[in-house]
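I sat down with my notebook to get to know a structure that was new to me. Here is what I looked up, entry by entry.

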Amino acid sequence: MDQKLRPARRRFLEHSALGLLGLATAPSWLSAMEMPFSKGGGGNQPNPSFKPDVELELIAREEGVSILDGPKTQVLRYTARLITGPKEVLTELPGSYLGPLIRLQQGQKVRIQFRHDLSEPTITHWHGLHVPAEMDGHPHQAISKGETRVYEFEVLNRAGFHIYHPHPHGATASQVYSGLAGGLIIHDPEEAKLGLPSGDYEIPLVLQDRSFDRNNQLVYASNMHERMLGFAGDQILVNGRLGGGIEVASRAYRLRIMNGSNARIFKLGWSDGSNVIVIGVDGGLLEAPERYPYVMLAPGERLDVWADFSGQSLGTVLTLGSLPFKGVLPKMATSMGGGRMGASKLPIGSAYPIVTFKVTQKMSDSPTLPMHLSRYQHYRLDQVMNKDRPIPIAIKESPMAMLLNGQPYGQGGFQPFERVPVNSLQLIEIFHDHAAAMEHGESSVSPEEALKKPSGMGGMGHQMMGMGGMNHEGGAREGGMGMMDGGMMMSMAHPIHLHGQQFQVISRTIGMGEEESYGTVKDGLISSGYKDTVLVMPGERVRLIKPFNDFKGVFMYHCHNLEHEDMGMMREFRCVARNKERD
Ligand code: C2O
Ligand code: CU
Ligand code: CU
């Protein structure tokens, strides 16, 4: 490229990084967003032959709650009422805008009648649960005020900690941000036998970030830039409350941690440098406890942590905080931090405390950490149906689009690889689709084609990036972004979530040039256990094996950066009958 052009182009890069969304032409996702917004009309009736063990009424409504001193904060909040079933099913989190904790047993038949009082349609999804497609809270099932959506399902999952949250297309991020979310715990006999800390010694920790204005009202993403990166608030709330301090006894605890933030990624670590002892992840218990120096926790992910305060003297304070890390945001965005770029006074990747535990009670007795936690099958490549043809999930990022597999949500119908035979085990590969981004938003190769391309270092991602022009000029790769003519491709981390049954991560490969920032997160990426959300770092390629058992129908997959999801970074699989039998 011409030397003289370089500075101008450079300036353009900087300029567009700052005003990323101040583009002359409207990004395509703007129009894409307007198209499939959830409408109401998803109401349905209970099935009289379904005999529930547990029946709940769940309501979403606007309420004022006291979060800060002074005026109440207007939030959206789930409340629930038990109609049938044991009273342990519902536990309120006092003073929180979060919905009550719902506690279920494997094998229970559950009916939930959902209504709301909101001015816009909504629908509730059971993130992590393996339920029929019609019970999954699909955006098309959204209901308006006055309608009721009835969910009926049997709890098939093993023990685990899940989430219920809204899923209307185009408004998930703002509704969750306004307060709609709750935890859902499932127990099973295998877990019960372990005698893990329970009752007062099992503490749910829902981590979220929020910003407030002077009148204590929630402030949400005001500019398009915040939407592109995902919204980050400047205060950390734990279980919907500020200033998380918890008094504990000198014994072991079970911490059920959920990242309920829209976009904030945490790097969780203990203030005294001790390891984080992980006993479970999204889909339940690991086979055995694992020790990590820190653990990355992206939106939608959960963690089951063994926190042992036994032997600690009275007054001891231990803080669980987020440690510094790099690489999840476009580097240019972070290096230019501050200003309106960062918006948040608490940048993602900076160091800050989250929750403090203070030992205020001496106890001589404490349960001990079990050596073995669970038994489950490890999926192997030779068991999958599509060993040589992984289902692609191609991440495409540019100011013009945030897409999966080259199409925004609701467009293009199902691509052939998005039709998955029911009762099959599938290999899925998530990668960054830089090739498509280089073509001004048009996919030059289908994601399937892209997967087939030979690649030097194990991925088409960096092979394509190497061809991406700016490398030869030097510079563009600094910043972890390829630069395209007239536009910028942002490379950032995405927590990819798949509805339906949990999967197992079988490999992660990082592209060239990303190792340095990757080094600040990699020891906290957990690949064991069952997952339903996986953080995919810039330049990273993640392979996983997922079962699609029991239920035909539509199951979504999307980025759990909720701003990305609403922009259309969401697609769906259609689980179809095997052979030629009709769907
Ligand atoms: Cu937690 Cu499709 O979402
Ligand atoms: Cu989900
Ligand atoms: Cu994303």
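**Entry 1: a strand pair.** I began in β7, where V150 is the bridge partner of Q113. This is a predicted model, so I kept that in mind throughout. I then looked up the strands themselves: β5 (residues 109-116) and β7 run antiparallel and pair over six bridges. How many residues of β7 are buried? I found five of the six in this strand, residues 149-154.

**Entry 2: aromatic company.** I next looked for rings and noted one aromatic cluster made up of Y78, F114, W126, Y151, F153 and Y164.

**Entry 3: the copper ion.** Which protein atoms are the donors of the copper ion (ligand 2)? I found NE2 of H125 and NE2 of H497, lying 1.9 Å from the ion. The two come from distant parts of the chain, 372 residues apart: H125 belongs to strand β6 (residues 124-127) and H497 to strand β29 (residues 494-498). I checked their surroundings too, and both H125 and H497 are buried.

**Entry 4: another histidine.** I found H162 in strand β8 (residues 160-166). Is H162 buried or exposed? Its relative accessible area is 0%, under the 20% cut-off, so I wrote it down as buried. Its side chain makes a polar contact of 2.8 Å with the side chain of R302.

**Entry 5: a loop residue.** I looked up N386 and found it in the loop between β22 (352-361) and β23 (391-398). Despite the loop setting, N386 counts as buried because its relative accessibility of 4% is under 20%. Setting aside neighbours within four places in sequence, I listed its contacts as I391, L425, Q426 and L427. With Q426 there is a side-chain polar contact of 3.2 Å. I also noted I428, which is 42 residues from N386 in sequence, with 8.9 Å between the C-alpha atoms.

**Entry 6: ring pairs.** How many aromatic pairs does the structure hold? I noted 18. One of them joins F266 and Y352: the centres are 6.4 Å apart and the planes stand at 70°, so I called it edge-to-face. These rings also link distant parts of the chain, F266 in strand β16 (residues 266-270) and Y352 in strand β22, 86 residues apart. F266 is buried at 0% relative accessible area, and Y352 is buried at 6%.

I then turned to F548 and F573, another edge-to-face pair, with 5.5 Å from centre to centre and 85° between the planes.

**Entry 7: charges over rings.** I ended with two lysines. The charged end of K546 sits over the ring of F548, 4.9 Å from its centre, and that of K267 sits over the ring of Y294, 4.1 Å from its centre.

Technical notes: Residues are numbered from 1 along each chain as its sequence is written. Chains are lettered from A and ligands numbered from 1 in the order in which they are written. This is a predicted model: local features need pLDDT of at least 70, side-chain atom pairs count only at pLDDT 80 or more; totals for chains, interfaces and linings use all residues. Side-chain values use heavy atoms; hydrogens and water are left out. Donors are N, O and S atoms within 2.8 Å of the metal (3.2 Å for Na, K and Ca); water is not among the atoms, so sites may look incomplete. Helices (H or I, at least four residues) and strands (E, at least two) are DSSP runs, numbered from the N terminus. Buried means under 20% relative accessible area, exposed over 50%, partly exposed in between (1.4 Å probe, protein chains only). Two strands pair if DSSP finds at least two bridges between them. A polar contact is a pair of N or O atoms within 3.5 Å; within protein, one must be able to donate a hydrogen and the other to accept it, and residues adjacent in sequence count only if both atoms are side-chain atoms. Contact means heavy atoms within 4.5 Å. Rings of Phe, Tyr and Trp (its six-membered ring) pair if their centres lie within 6.5 Å; planes under 30 degrees apart count as stacked, over 60 as edge-to-face and the rest as tilted. A charge sits over a ring if NZ of Lys or CZ of Arg is within 6 Å of the ring centre and within 35 degrees of the ring normal.
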